[in-house]
Amino acid sequence: MDLGTLKESCSQYNNPSKVKLTYGTAGFRAEASLLPSTVYRCGLLMALRALKTGGVTGLVVTASHNPVEDNGVKLVDPTGYMLDQAWEAWANKLAAADDEDGTCAVVQELFQVEDIPYGSSTVMLAHDTRPSADALVKAAAAGVAAMGSLPIACGQLTTPQLHWMVRQCNAGLKHKEKAYYEALATGYARLVSGHPAPSEGLIVDCANGVGAAKLQVLADRLAPGLSAELRNTGAEGLNDCCGADFLQKERRLPAGFQDVPEGARCASLDGDADRLVYFQRRGAADEVHLFDGDRIAVLAALLVMDLLRSLITAEQPPPTVGIVQTAYANGASTAYIEEKLKCEVRVTPTGVKHLHAAAEEFDVGIYFEANGHGTVLFSAALVQRLHELGDDSGPAKALLALVDMVNQAVGDALSGVLLVEAALRRKKWGLPEWAALYTDLPSRQLKVKVADRSVVTTSHAETRVESPSGLQQLIDSAVAAAPSGRAFVRPSGTEDVVRVYAEAATQSAADDLARLVARHVH
Ligand code: 16G
Ligand code: ZN
């Protein structure tokens with residue numbers, strides 16, 4: 001790395017707005033025009049991270065389910081997971097640098113403190129369909145190149161596709177986009193082989209995002225094995241009255257679904273296809289029955305446990321299965337998992353990085369946020385054991401198919417569609433049987449605008465308020481007065497608000513509880 005060249009390059013990407021962006025729950029996010037300097041510096045950072053680890057890293061330009069004017073950046077470690085949390089502080093420090101001198105000083109400090117060897121590394125870059133993508137990918141590539149490293153432009157991809165590709169690449173496995181479809185499609189075909197397809201196809205709301213084109217490729221590969229009609233596949237209207245986040249928050253039909261018959265099996269992806277929910281039209285208006293991340297986790301657990309049962313022998317300890325949720329998980333889902341599935345539940349703070357880490361502690365770790373982000377992780381020891389059982393065991397073969405089909409780097413809506421479709425198909429279930437497993441407790445989410453959201457701090461996986469003092473007691477007494485009540489508040493990691501969640505035996509009790517708690521936050 002040549003300091004003169006670096007400084008010259010950094011000076012092209014100073015931050016004139018003086019708006020200091022910070023690394024949120026899953027990277028940086030802001031109105032797109034504020035982002036070039038931050039994305040450039042993320043390019044520097046990921047080149048350094050690659051040098052430090054000796055692997056290839058990744059960077060995705062996306063603002064997920066946010067409006068089209070926004071953009072952002074998600075950073076991928078060589079494992080395929082999100083950037084190591086210990087490095088988030090470096091990301092913030094780089095983003096906050098005033099000018100080229102400040103930026104270069106942080107780069108030099110990073111080299112020293114992290115003991116990074118000089119050399120050249122590789123960073124894979126991808127982006128979603130936002131019009132601001134090109135300029136920001138250019139900024140990221142300039143950052144990587146300024147470190148004397150190689151940016152590889154992978155073009156438009158879903159966020160989980162790039163995570164998958166980075167993970168495969170560092171494992172020395174096939175990692176091109178084509179290999180992704182191959183892994184998912186062949187895994188699915190093996191998993192459902194001998195199990196007839198349902199008579200009705202799936203209708204998918206693609207949020208007018210990058211998932212549309214990618215899911216089409218997958219569906220074409222699988223035809224006629226997967227019959228899916230894709231909607232909201234346009235170049236306009238990204239996340240506008242559609243997508244998984246809209247469904248989960250609004251609980252009503254997305255745009256373009258007015259004509260779907262009641263009972264049709266529908267699914268919805270978010271703008272970068274890392275979240276998935278299923279839904280079904282209910283009644284004549286635009287009301288829907290939502291099958292959220294909790295319910296997908298339960299279905300995944302049923303599939304896995306059915307298959308694992310046959311592997312249990314007296315000689316070997318049974319594989320451990322755990323489900324990881326956040327405080328947002330509906331209480332009815334948690335009760336079902338603990339009481340009916342007799343499966344261990346762990347609760348972590350919001351954000352994939354926390355759930356993912358907890359899920360790694362099991363042979364099969366299933367994690368899902370209620371908002372539809374999640375996946376299934378398999379331990380190396382279990383995969384090894386499955387290979388040993390090899391061709392003699394149908395369930396072992398099916399589990400190995402699942403290992404290939406599931407994106408173990410990060411939650412992936414495309415892989416998730418196949419997971420749900422395969423699980424339903426193997427059980428000969430439609431949505432009614434899936435819905436009948438348990439009934440969600442009515443819930444309500446509110447957000448409260450506050451001058452400074454950081455005054456609210458929490459503990460116990462965000463279920464208890466630590467400060468301001470006295471707030472938790474007020475929440476406790478509100479909860480005690482509501483039938484089957486539960487409530488918590490937490491500062492958002494992506495917006496300048498404090499979020500309130502409440503659930504109770506009836507919708508009006510949940511609404512009242514949420515309103516009361518929100519008043520206490522004000
Ligand atoms: C980000 C997180 C998501 C979390 C959400 C919470 C990742 C990849 N994404 O979208 O998991 O549910 O933030 O947002 O970690 P909030 O902090 O504003 O409630
Ligand atoms: Zn997303």
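**Note on the predicted model: strand E19, two open sheets and the ligand shell**

1. Strand E18 (residues 486–491) pairs with E19 in the antiparallel sense, and 6 bridges link the two. The model is a predicted one. A hairpin of 5 residues provides the connection from E18 to E19. Within this pairing, Val 489 stands opposite Val 500 of E19.

2. E19 has another antiparallel partner in strand E15 (residues 443–449), with 7 bridges between them. Here Leu 446 has Val 500 in E19 as its bridge partner. Val 500 therefore faces Leu 446 in one pairing and Val 489 in the other. Is strand E19 enclosed by the rest of the structure or open to the outside? Strand E19 (residues 497–503) is largely enclosed by the rest of the structure, because 6 of its 7 residues are buried.3. As to overall layout, the domain assignment divides the protein into domain 1 (3–156), domain 2 (180–291), domain 3 (293–409 + 429–435) and domain 4 (443–521). Domain 3 is thus listed in two segments, 293–409 and 429–435. Between the C-alpha centres of domain 1 and domain 4 the distance is 35 Å.

4. One open sheet consists of 5 strands in the order E7-E6-E8-E9-E10, with mixed pairing. Its edges are strand E7 (228–231) and strand E10 (288–291), each of which pairs on one side only. From one strand to the next, the twist averages 30°. At the E10 edge, strand E9 (residues 276–281) and E10 are antiparallel and share 4 bridges; Arg 281 has Val 288 of E10 as its bridge partner.

5. Two helices lie across strands of this sheet. Helix H8 (residues 211–222) crosses strand E6 (202–205), E7 and strand E8 (266–269), and runs at about 165° to E7. Helix H15 (residues 413–427) lies across E6, E8 and E9, at about 55° to E9.

6. Glu 229 gives a local view of the edge strand, since this residue lies in strand E7. Is Glu 229 buried or exposed? Glu 229 is exposed, with 12 other C-beta atoms within 10 Å. Setting aside neighbours within four places in sequence, Glu 229 is in contact with Gly 201 and Ile 203. The C-alpha atoms of Glu 229 and Leu 202 are separated by 6.2 Å, although the two residues are 27 residues apart along the chain.

7. Another open sheet has 4 strands, ordered E12-E11-E13-E14, and its pairing is also mixed. Strand E12 (344–347) and E14 each have a single partner strand, so one side of each is left without a neighbour in the sheet. Neighbouring strands here are turned by 20° against each other on average, direction ignored. Inside the sheet, E11 and E13 run parallel and are joined by 4 bridges, and the bridge partner of Gly 322 in E13 is Gly 365.

8. Which helices accompany this 4-stranded sheet? Helix H10 (residues 293–309) lies across E11, E13 and E14, running at about 165° to E13. H12 packs on the sheet and touches E11, E12, E13 and E14, its direction making about 160° with that of E13.

9. The buried residues of helix H12 (residues 352–359) are Val 352, His 354, Leu 355, His 356 and Ala 359. These buried residues pack against strand E11 (321–325), strand E13 (364–368) and strand E14 (374–378). A general point helps in reading such a list: an α-helix has 3.6 residues a turn, so residues three or four places apart point the same way.

10. Leu 341 is found in the loop between helix H11 (331–340) and E12. It is partly exposed, with 16 other C-beta atoms within 10 Å. Apart from neighbours within four places in sequence, Leu 341 is in contact with Ala 301, Met 305 and Tyr 336. The C-alpha atoms of Leu 341 and Asp 476 are separated by 30 Å, with their positions 135 residues apart along the chain.

11. How many residues surround ligand 1? There are 14, and the closest are Ala 26, Val 352, Ser 492, Gly 493 and Thr 494. By class, the shell around ligand 1 comprises 2 nonpolar, 9 polar and 3 charged residues. Val 352, one of the closest residues to the ligand, is also among the buried residues of H12.

Note on methods:
Residues numbered from 1 in each chain as written. Chains lettered and ligands numbered in written order. Predicted model: local features only at pLDDT ≥ 70, side-chain atom pairs only at ≥ 80, totals over all residues. Domains from an automatic or database assignment. Buried ≥ 20, exposed ≤ 12 C-beta atoms within 10 Å, placed from the backbone. Contact = placed C-beta atoms within 7 Å. Pairing = 2+ DSSP bridges. Axes fitted to C-alpha atoms, helices over the stretch in contact; angles between N-to-C directions. Near = placed C-beta within 6 Å. Nonpolar A, V, L, I, M, F, W, Y, C, P; charged D, E, K, R; others polar.
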